[in-house]
Amino acid sequence: MTMQRSGAYATTAGVPAPPALPARTTAAPVLRDLRDRGGHVPRELAFAAGDVVVVSGLPGSGKSTLISRTAPGRAVDSQDTRDRWDHRLPRLLPYAVYRPLVRIAHYAGLWRELRSGRSVVVHDCGTQSWVRRWLAREARRRGSALHLLLLDVKPGTARDGQRERGRGVSAYAFARHRRAVGRLVRDAERSVLPGGCASAVLLDRAAATALVRITFGDHTGPHPR
């Protein structure tokens with residue numbers, strides 16, 4: 001799979017690289033569906049330098065695990081911010097009390113990363129459409145592109161993931177996430193992406209597990225099989 005310059009290159013070994021592509025195009029958003037391949041998918045997704053990648057999916061679907069494993073040093077994850085606050089505050093203090101402060105700290109850190117011009121991979125819960133609009137604006141401002149990685153995981157699997165990490169969300173909140181993420185997936189399947197989004201990649205659990213790295217920079221790579 002090779003996306004346009006405003007998209008991603010997914011690379012595998014042993015296949016010749018295609019010709020270089022133009023620096024920037026006005027092509028329609030690109031969708032790549034890597035689901036239902038039993039994990040037989042590219043091990044790397046490579047984006048242009050300065051691009052912004054947002055990873056969306058249900059709570060417990062594996063977003064934080066995917067980001068920390070494939071893009072160390074590039075991640076802006078609200079979970080990391082929460083963990084830092086958890087370590088500083090009394091254990092008996094309910095998270096609901098300081099949740100607003102965690103969110104402020106997370107978005108402040110994200111704003112600094114976006115203003116730096118560095119390539120970044122952002123954790124997205126799926127319910128905050130204003131965040132994706134903000135990311136799209138910032139990407140345009142610095143002449144780069146926004147890309148969406150969507151984890152399409154069954155609700156039961158996501159619930160299991162929450163139990164494994166020992167941190168879940170309420171039934172009400174989970175229902176909101178299901179509606180929001182389900183809408184994103186259904187739209188993507190029809191090649192309808194959020195405004196300002198140059199490309200989307202649909203991943204199931206097997207594809208997400210098989211992915212080894214997300215990279216940024218001038219890169220050409222082969223078409224996946």
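Begin by selecting strand β4, residues 52-56, together with strand β7, residues 146-151: five bridges join the two, and they run parallel. The model on screen is a predicted one, and the tour moves outward from this pair of strands.

**The strand β4 and its neighbours**

Keep β4 selected and look at how the neighbouring strand β7 is placed residue by residue: S56 stands opposite L150 in β7, while the bridge partner of V55 in β7 is L149. Now add β6 to the selection, which is joined to β4 by five bridges and also runs parallel to β4. Here V55 is again a useful marker, since V55 stands opposite H123 in β6.

How many of the five residues of β4 are buried? Five of the five are, so β4 is largely enclosed by the rest of the structure. Showing the side chains lets you separate two sets, with V52, V54 and S56 pointing one way from the strand and V53 and V55 the other way, and all of these are buried. This follows a general pattern, in that the side chains of a regular strand alternate between the two faces of the sheet.

**The whole sheet**

Extend the selection until the open sheet is complete: six strands form it, in the order β2-β8-β7-β4-β6-β5, and the pairing is parallel. Its edge strands are β2 and β5 (75-76), each of which pairs on one side only. For orientation in the chain as a whole, there are seven helices and nine strands, and buried residues make up 48% of the 225 residues. If you draw the contacts with a separation of 6 or more, 80% of them are accounted for by residues 24 or more positions apart.

**Helix α2**

Select α2 next and colour its buried residues, which are Q79, T81, R82 and W85. They cover an arc of only 155° around the axis, which puts them on the same side of α2. On the other side of the helix, H87 and R88 are exposed. Which elements do the buried residues of α2 pack against? Selecting α1 and α3 shows them, as the buried residues of α2 pack against both of these helices.

**The largest pocket**

Now display the largest pocket, which has a volume of about 1100 Å³. Of the 39 residues that line this pocket, those closest to its centre are P59, S78, Q79, H123 and R165. Two of these names have come up before on the tour: Q79 is among the buried residues of α2, and H123 is the residue of β6 that V55 stands opposite.

The elements that give two or more residues to the lining are α1 (63-70), α2 (78-88), α3 (95-116), β6 (120-124), α5 (155-165), α6 and α7 (205-210). Which of the elements gives the largest share of the lining? That share comes from α3, with seven residues. Colouring the pocket lining by class gives twelve nonpolar, 15 polar and twelve charged residues.

**The cavity**

Turn from the open pocket to enclosed space, of which the structure holds one cavity of 30 Å³ or more. About 30 Å³ of space lies in the largest cavity, and to find it you can select L34, V41, P42, L45, L203, A207 and L211, the residues that line it. The lining of this cavity, by class, has seven nonpolar residues, no polar residues and no charged residues.

**Two backbone details in loops**

Finish with two residues for which the backbone dihedrals are worth displaying. As background, most residues other than glycine have a negative phi. First go to D36, found in the loop between β2 (30-33) and β3 (44-47), where phi is near 55°, a positive value in a residue other than glycine. D36 is exposed, with a relative accessible area of 74%.

Then move along to S191, which is found in the loop between α6 (171-189) and β8 (197-203). Phi of S191 is near 60°, again a positive value in a residue other than glycine. Is S191 exposed or partly exposed? With a relative accessible area of 46%, S191 is partly exposed.

Notes:
Residues are numbered from 1 along each chain as its sequence is written. This is a predicted model: local features need pLDDT of at least 70, side-chain atom pairs count only at pLDDT 80 or more; totals for chains, interfaces and linings use all residues. Side-chain values use heavy atoms; hydrogens and water are left out. Helices (H or I, at least four residues) and strands (E, at least two) are DSSP runs, numbered from the N terminus. Buried means under 20% relative accessible area, exposed over 50%, partly exposed in between (1.4 Å probe, protein chains only). On a 1 Å grid over the protein atoms alone, a cavity is a set of points where a 1.4 Å probe fits but cannot get out, and a pocket is an open set with protein on both sides within 12 Å along at least five of seven lines; lining residues have an atom within 4 Å of a point. Grid points are joined across faces, edges and corners, and a volume is the space filled by probe spheres set on the points. Ala, Val, Leu, Ile, Met, Phe, Trp, Tyr, Cys and Pro count as nonpolar, Asp, Glu, Lys and Arg as charged, and the others, Gly among them, as polar. Two strands pair if DSSP finds at least two bridges between them. The arc is that of the directions from the helix axis to the C-beta atoms. Contact means heavy atoms within 4.5 Å.
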